[in-house]
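Okay, thanks for making time for this one. I'll walk you through a structure that is new to most of the room, so just follow along on the screen.

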Amino acid sequence: MAEESGPLPVVNWLKGADTDDPYIEGHKCTVCGAIYLGERSNCSSCGSRDQIEAVRLGNRGKLYSYCIVHRSFPGIEVPYISAIVDLEGGGTVKGNLINIEPEPENIQFDMLVDVVFKDALGRKDRDGNSYISYFFQPAA
């Protein structure tokens, strides 16, 4: 039976999933400034060791690339927009672009998007735990 706690994060770099202020955590090299998702001790950009610190990534960015997905595996509604976003302040993140019709004429490269945190499509695990994920939507 699920415990009475908040939703679980879908990825380990989504922090504060059970709070009113979730965010995406990156890891930044203090030597060269490169930002990564997921913990690491070595910088792939400059080769520094043990110079990585956790940072809170921005909640706004620009659409770098996208793909409208029309075929997927069972249980996943299509079409949906898979997007790569360059966040303000650094960091590049992949996720789904929502609240916009999945037609190329509606989507522009470099369009401003906001990061939003929502229920992960109503899915639950075997224990009944719900999940929270991050998505992108056109900036307000």
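I'll go through the strands, then the rings and cysteines, then a pocket and a few backbone details. Keep in mind that this is a predicted model.

Let's start with strand 9, residues 112–124. On one side of the story there's strand 6, residues 60–69, which runs antiparallel to strand 9 and is joined to it by three bridges. If you want a spot to look at, find Arg-60: its bridge partner in strand 9 is Asp-114.

Strand 9 also pairs with strand 10, residues 130–138, again in the antiparallel sense, and here we have eight bridges. Two places to click on: Val-115 has Phe-136 as its bridge partner in strand 10, and Lys-118 stands opposite Ser-133. Strands 9 and 10 make a hairpin with five residues between them, and in that hairpin Gly-128 takes a positive phi near 85°.

So what about the sense of pairing between strand 1 and strand 10, parallel or antiparallel? Parallel, over two bridges, with strand 1 being just residues 8–9. Leu-8 is the one to find there, with Tyr-131 as its bridge partner in strand 10.

Okay, rings. The structure holds two aromatic pairs. One of them is Tyr-66 with Phe-109, a tilted pair, 5.5 Å centre to centre with 40° between the planes. Tyr-66 sits in strand 6 and Phe-109 in the loop between strand 8 and strand 9, so this pair ties together parts that are 43 residues apart in sequence. And Phe-109 is exposed, at a relative accessible area of 53%.

There's also a charge over a ring: Arg-40 lies over the face of Tyr-36, 3.8 Å from the ring centre.

Now the cysteines. How many disulfides does a search of the whole structure find? Zero. Have a look at Cys-43, though. The closest cysteine sulfur to its own is in Cys-32, at 3.6 Å, and that's too far for a bond, because a disulfide needs the sulfurs within 2.5 Å. Cys-43 is buried, with 4% relative accessible area, while Cys-67 counts as partly exposed at 44%.

Next, the largest pocket. Its volume is about 810 Å³, and 29 residues line it. Nearest its centre you'll find Ile-76, Tyr-80, Asn-96, Leu-121 and Phe-135. Which elements give two or more residues to that lining? Strand 7, strand 8, strand 9 and strand 10. Strand 9, our starting point, gives the largest share, five residues.

Last bit: the backbone. Go to the peptide bond from Val-78 to Pro-79, and you'll see that it's cis, with omega near 0°. Pro-79 is in the loop between strand 6 and strand 7.

Then jump to the loop between strand 8 and strand 9, where Asn-99 is placed. Asn-99 isn't a glycine, yet its phi is positive, near 60°. Asp-110 is in that loop too, and it also has a positive phi, about 70°, without being a glycine. As for accessibility, Asn-99 is exposed at 56%, and Asp-110 counts as exposed at 53%.

If you take one thing back to your desk, try tracing strand 9: three bridges to strand 6, eight to strand 10, and five residues in the lining of the largest pocket. That's my tour, thanks.

Conventions: Residues numbered from 1 in each chain as written. Predicted model: local features only at pLDDT ≥ 70, side-chain atom pairs only at ≥ 80, totals over all residues. Heavy atoms only, no water. Pairing = 2+ DSSP bridges. Helix = DSSP H or I, 4+ residues; strand = E, 2+ residues; numbered from the N terminus. Phe/Tyr/Trp six-rings, centres within 6.5 Å; stacked < 30°, edge-to-face > 60°. Buried < 20%, exposed > 50% of the residue type's maximum accessible area, 1.4 Å probe, protein only. Lys NZ or Arg CZ within 6 Å of the ring centre and 35° of its normal. 1 Å grid on protein atoms, 1.4 Å probe; cavity = no way out; pocket = protein on both sides within 12 Å on 5 of 7 lines; lining within 4 Å. Points joined across faces, edges and corners; volume = space filled by probe spheres on them.
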